[in-house]
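Q: Please take a close look at the sheet in this model, and describe how its strands are arranged and what packs against them.

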Amino acid sequence: MNKVEVFSSDTCKYCVELKDYLKEHNVEYIEYNISRDEEARRNLIKLGYMSVPVTLINGNHVLGFDKLRIRQLLNGKE
């Protein structure tokens with residue numbers, strides 16, 4: 001099973017689209033909301049990012065809602 005983590009915020013429409021996409025494809029994920037969780041925000045910055053969404057799939061980073069890249073990583077194709 002894939003390990004999927006999503007960094008999101010309350011004001012990000014692409015975050016909503018990403019989470020809807022993952023739910024539609026029955027992908028379980030852990031969400032870190034940087035609007036509500038200061039530690040999540042610090043962790044996002046430690047990863048080198050200042051914007052969301054950022055998705056981690058089995059350790060691979062995807063900035064933004066890049067459906068093709070997300071699909072590739074979920075299917076084990078890098």
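A: In this predicted model, four strands make up an open sheet whose order is β2-β1-β3-β4 and whose pairing is mixed. The edges are formed by β2 and by β4 (60–63), each of which pairs on one side only, and from one strand to the next the twist averages 20°. Strands of a sheet pair through backbone hydrogen bonds, either parallel or antiparallel. Here, strand β3 (residues 54–57) pairs with β4 in the antiparallel sense, over four bridges, and within these two strands T55 stands opposite V62 of β4.

Two helices can be placed relative to this sheet. Helix α1 (residues 13–24) lies across β1, β2 and β3 and runs at about 160° to β1, while helix α3 (residues 67–74) packs on the sheet by touching β1, β3 and β4, with a direction that makes about 160° with that of β4.

The side chains add a further link between strands. The count of aromatic pairs comes to two, and one of them joins F7 and Y32, whose ring centres are 5.0 Å apart and whose planes meet at 35°, so this pair is classed as tilted, given that stacked planes are under 30 degrees apart and edge-to-face planes over 60. Because F7 lies in strand β1 (residues 4–8) and Y32 in strand β2 (residues 30–33), the pair ties together parts that are 25 residues apart in sequence. As for solvent accessibility, F7 counts as buried at 4% relative accessibility, whereas Y32, with a relative accessible area of 25%, is partly exposed.

Technical notes: Residues numbered from 1 in each chain as written. Predicted model: local features only at pLDDT ≥ 70, side-chain atom pairs only at ≥ 80, totals over all residues. Heavy atoms only, no water. Phe/Tyr/Trp six-rings, centres within 6.5 Å; stacked < 30°, edge-to-face > 60°. Buried < 20%, exposed > 50% of the residue type's maximum accessible area, 1.4 Å probe, protein only. Pairing = 2+ DSSP bridges. Axes fitted to C-alpha atoms, helices over the stretch in contact; angles between N-to-C directions. Contact = heavy atoms within 4.5 Å.
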